[in-house]
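Please find below my notes on the model, set out as numbered points. I have tried to state each criterion where its term is used.

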Amino acid sequence: MNHHTKTKHSKDEMVNMNHEAHQSHENHGHQKQHKHEGSHACGGHDEHGGHDHSGHAQMFRKKFFVSLVFGIPILIFSPMMGKHLPFTYTFPGSEWLVIVLATVLFFYGGSPFLQGAKDELKSKKPAMMTLVSLGISVAYIYSIYAFISNNILYKPGYIHDFFWELSSLILIMLLGHWIEMNAVTNAGSALKSLAELLPNSALLVQKDGTTVEMDLSDIQKGDVLQVLPGERVPTDGIVKTGLSFVNESMLTGESVDIKKNISDTVIGGSINGSGTLTIEVTGTGESGYLAQVMDLVNTAQQDKSKAESMSDVVAGLLFYFAIVVGTIAFITWIMLQSGTEFALERLVTVLVIACPHALGLAIPLVTARSTSIAAQNGLLIQNRQSLETARKVDVIVMDKTGTLTEGNFAVSEFSSLSPEYSNEEVLRLIGALEEGSSHPLAVGVLNKIEELKLKSFKADNITNIAGAGLEANINESNFKLVSASYLDRKGIVYDKARFKSLASQGNSVSYLLKDGDSIGIIGQGDQIKPESKKTIEGLLKQGIRPIMLTGDNRETAEKVAKKLGIKEMFAEARPEDKEKIVRKLQSQGLVVMMVGDGVNDAPSLARADIGLAIGAGTDVAIDSADVILVKSNPSDILHFLELAKKTTRKTVQNLWWGAGYNILAVPLAAGVLAPFNIILSPAVGAVLMSLSTVIVAINAMTLKINS
C-alpha cells in the first residue's frame with residue numbers, strides 16, 4: 001500500500017506530523033539494570049512485584065559494614081569451635097565483651113534472616129532463610145548457655161561456645177545477600193511505566209464550546225475531550241469531530257499510523273498525529289484499555305513470583321535433614337550416655353554446621369559472575385531465576401515489529417524507469433518531494449539519502465494530491481510521487497508484475513512521475529533484522545519451537561514468518577490475546593519464553609516463564625521483563641540461552657559442594673561413626689566449612705561463555 005494514499009495528508013499536515021510514537025523503537029538509553037526482586041539471603045523466592053531491589057542492596061550493604069564492626073572483634077577475641085587460631089587474642093574479661101558484641105550482632109545483623117524465616121514458616125515453606133536462622137539462633141542461644149556455665153555458674157568442664165561461628169555465619173550471609181542484590185539491581189516498575197503513558201490532565205470541552213484543563217482523575221465517562229496535535233490521547237473514547245492519524249504502535253504493535261475519523265475508537269495512551277480530535281470518553285480508570293493491560297501485567301507477575309529457586313529447594317531439604325539427624329543424634333546419645341551434655345553438643349554442632357558458609361555464597365557468587373558476563377554481552381539480567389528456567393524452555397514466542405524487524409520503514413528498493421535519470425537521481429528527486437515531512441516513510445527516504453551521502457534536489461510549491469500523494473516543481477518540471485492506484489485511474493502504464501512482487505514482500509510502493517510519465521519506483525518496508533534468521537535457525541537446532549506473535553496485519557506477518565522459517569504465527573493480536581496465547585502454551589505443560597518490545601507485549605512478557613525485552617523498546621516492556629537485550633539484537637537470545645545453561649551448571653556444581661559438605665559433615669557431627677572412634681569435632685567441621693567456601697568461590701569465577 002502506498003503511504004501517500006493511506007495518509008492523505010495535506011502539505012502542512014505532513015510537515016507538522018508528530019512522529020513521537022515512531023521513535024518508540026529507538027534506544028532510550030536503557031542500558032542500565034531494571035526491575036525485579038531477586039532472592040532472599042542466599043536463595044529465597046524471586047519476586048516480580050514493584051519492590052525496590054536496589055534499596056534492598058543498600059540495606060544489606062549497610063548491615064554488612066555495621067555488622068563487620070561488631071564481628072571482627074568477635075573473630076579475634078573468641079576461639080573457633082574451641083580452637084585458638086594464630087590471630088586469636090584473649091584477655092581477662094574478653095568473654096564479656098564478646099557476648100555483648102555477639103548479642104548486638106545477632107539481633108542487628110541477623111534480623112533479615114530471622115524475619116525471612118518467619119515469612120517462610122508462615123507460608124509453610126522453610127528454605128534458606130529458615131536454615132540460616134536455625135544456624136545463627138542455635139549458635140547464639142547455646143553460646144549464651146556456654147557463657148553462663150563457664151563464667152557465672154562455673155560448672156566443671158569447659159563448654160565450647162559458638163560465637164566465632166555465629167559471627168562468621170552472619171557476616172558471610174550478609175555479604176552473599178549484598179553481592180546478589182547488587183548484581184541484580186532494580187530501577188523501575190512496569191505498572192508505574194504503564195501509568196505514565198497517560199497524561200496528567202485533559203482538555204474538557206464545555207457546553208459553550210470552550211475548553212478547560214482538568215485533572216485526568218476528574219474526567220468521567222461521557223465527557224467530551226479535545227486532543228490537540230502531537231498529544232497523547234488521555235482516555236479511551238469515540239471520535240466526535242475531526243480527522244487525524246493516531247499512532248498506536250506502543251499499545252497494539254501495529255506499525256503504521258491509524259486513520260481516525262468520526263465514530264472511530266481511540267485508545268488512551270496512543271499519540272495523536274497532526275489533526276485535532278474531539279472524543280467522547282468511553283473508559284477511564286479501571287475500565288480503560290491501559291488499566292486492563294496493567295491488571296494483566298500485575299496478575300501475571302504475582303503468579304510468576306511463586307516459583308522456587310534451586311537453592312530454596314536444597315535449603316528446605318537441608319533444613320529437614322538437619323532437624324531429623326540432630327534430633328535422632330540427641331535422643332540416641334541421651335540413651336547411650338547418662339548425661340545430656342554430650343548429646344546437646346552433638347545436636348548443636350549438627351544444627352550450626354547445617355548451614356555452611358559455602359551454601360550462602362554458592363548462588364550469589366555465580367549470580368554476580370553471570371550478570372557481569374551478561375552485561376558485557378549486552379544482556380541485563382533482572383531476575384536471576386530466569387537463568388535457571390532457561391534450560392527447560394520449549395517454546396520461544398517472539399513479537400515481530402521491533403524484535404524480529406527493525407521497527408521502522410526503510411527503503412528496500414529504488415530504481416529509475418527512464419534512461420534520462422540514474423537510480424540515485426530518482427532517489428534525490430523523491431527526497432525533494434519528501435523533504436520536511438516526518439512521516440515514517442518519508443523519514444525512510446531521507447535516511448537512505450543520508451546513508452548514501454546524496455543531496456536532494458530543491459522542490460518548490462509542494463502540494464498534496466488528495467488520496468494519491470505529493471506534487472512539486474523541480475528545475476521547472478512537474479513531478480509527482482503517487483500510488484499505483486493513481487496510475488490505474490489515470491491510465492498510466494506501469495509494470496504490474498514488478499509492483500505485485502514488491503507489494504507481496506510487505507513493501508509500500510510509490511511511483512515518481514515527470515510531466516505525467518513514470519520515471520522511477522521506490523519500495524519501502526519494515527526491514528527484517530539481519531540477525532533474525534540466524535537466531536531462528538539456532539533455536540530450531542536446539543529443539544526450541546519459535547512462534548511469531550504480533551499485533552500487525554496477517555499479510556505482513558505471514559511474509560516475515562515465511563522469510564525467517566517460522567512455521568507458527570499469530571497476527572493481529574491484542575495484549576490480552578498475546579497473554580492468553582502464552583497461558584495456553586503453558587497449560588500444555590510447555591515452558592515459554594517471550595521476546596517483545598512494546599506495551600502490547602508487557603502482559604505476555606510478565607506471564608511467560610521468561611520475558612526478554614528488546615532494549616530499544618518501551619519502558620513498560622523493559623520493566624515487565626526478566627532480561628533486557630540491550631543491543632536489540634535477536635541473536636543475543638542465543639547468547640542468553642548459552643549463558644543460562646552454563647550458569648545453571650555452575651549453580652548445580654556449587655550447590656553440590658555446599659550441600660555435599662552437609663551430606664558428609666552432618667552425620668559425622670551427629671556421631672554416626674562414633675563406634676569407630678570417628679566423631680567430627682567442631683574445629684574440623686569449621687575447616688571443612690572454610691574449604692567448601694573457597695571451592696565454590698573459585699568454581700564461580702571460572703564461568704564464561706563464547707561471545
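1. Which residues of the largest nonpolar core touch the most other members? Among its 46 residues, these are I74, F113, L131, I136, F163 and L166. A nonpolar core here is a set of buried Ala, Val, Leu, Ile, Met, Phe, Trp, Tyr and Cys residues joined through side-chain atoms within 4.5 Å, and buried stands for under 20% relative accessible area, exposed for over 50% and partly exposed for the range in between, with a 1.4 Å probe and protein chains only.

2. On the basis of the values, the model is predicted, with local features requiring pLDDT of at least 70 and side-chain atom pairs counting only at pLDDT 80 or more, while totals for chains, interfaces and linings use all residues. Residues are numbered from 1 along each chain as its sequence is written, and side-chain values use heavy atoms, with hydrogens and water left out.

3. On the chain overall, the secondary structure comes to 25 helices and 21 strands, where helices (H or I, at least four residues) and strands (E, at least two) are DSSP runs numbered from the N terminus. Of the 707 residues, 57% count as buried. Among contacts (heavy atoms within 4.5 Å) with a separation of 6 or more, 72% are between residues 24 or more positions apart.

4. Returning to the largest nonpolar core, the elements that give two or more residues to this core are α3 (53-77), α4 (94-109), α6 (128-151), α7 (163-183), α11 (310-336), α12 (341-353) and α24. Its largest share, twelve residues, is supplied by α6. If neighbours within four places in sequence are set aside, F163 is in contact with I74, S78, V98, I99, A102, S143 and I144. A second, separate core has 37 residues, including L379, I536, L638 and L641.

5. On the open sheet, six strands are arranged in the order β2-β1-β3-β8-β4-β7, with antiparallel pairing; two strands pair if DSSP finds at least two bridges between them. Because β2 (211-215) and β7 (265-266) stand at the edges with a single partner strand each, one side of each is left without a neighbour in the sheet. Strands of a sheet pair through backbone hydrogen bonds, either parallel or antiparallel.

6. On the pairings around β3, strand β1 (residues 201-205) is joined to β3 by two bridges in the antiparallel sense, and L204 stands opposite L225. Four antiparallel bridges pair β3 with β8, where Q226 has T278 as its bridge partner. Strand β3 (residues 224-227) has L225 and V227 on its covered face, whereas V224 and Q226 are on the uncovered one.

7. On β4 and β8, strand β4 (residues 236-241) pairs with strand β8 (residues 277-283) over five antiparallel bridges, and T241 is placed opposite T278. K240, which lies in β4, is partly exposed at a relative accessible area of 41%. Not counting residues up to four places away in sequence, K240 touches I262, T278, I279 and E280. The C-alpha atoms of K240 and L225 are 9.5 Å apart in space, with the two positions 15 residues apart in sequence numbering.

8. How many cavities of 30 Å³ or more does a search of the whole structure find? There are four, a cavity being a set of points, on a 1 Å grid over the protein atoms alone, where a 1.4 Å probe fits but cannot get out. Grid points are joined across faces, edges and corners, and a volume is the space filled by probe spheres set on the points; the largest cavity has a volume of about 70 Å³.

9. On the lining of that largest cavity, the residues are I363, V366, T367, R384, L387, E388, T647, T648 and T651, where a lining residue has an atom within 4 Å of a point. At least two of them come from each of α13 (357-376), α14 (385-389) and α24 (636-670). The lining divides into three nonpolar, four polar and two charged residues, with Ala, Val, Leu, Ile, Met, Phe, Trp, Tyr, Cys and Pro counted as nonpolar, Asp, Glu, Lys and Arg as charged, and the others, Gly among them, as polar.

10. On backbone angles, N475 has a phi near 50°, a positive value in a residue other than glycine. N475 is in the loop between β13 (469-474) and β14 (477-482) and is exposed, with a relative accessible area of 61%. D515 also has a positive phi near 50°, and lies in the loop between β15 (508-514) and β16 (517-528).

Conventions: 1 Å grid on protein atoms, 1.4 Å probe; cavity = no way out; pocket = protein on both sides within 12 Å on 5 of 7 lines; lining within 4 Å.
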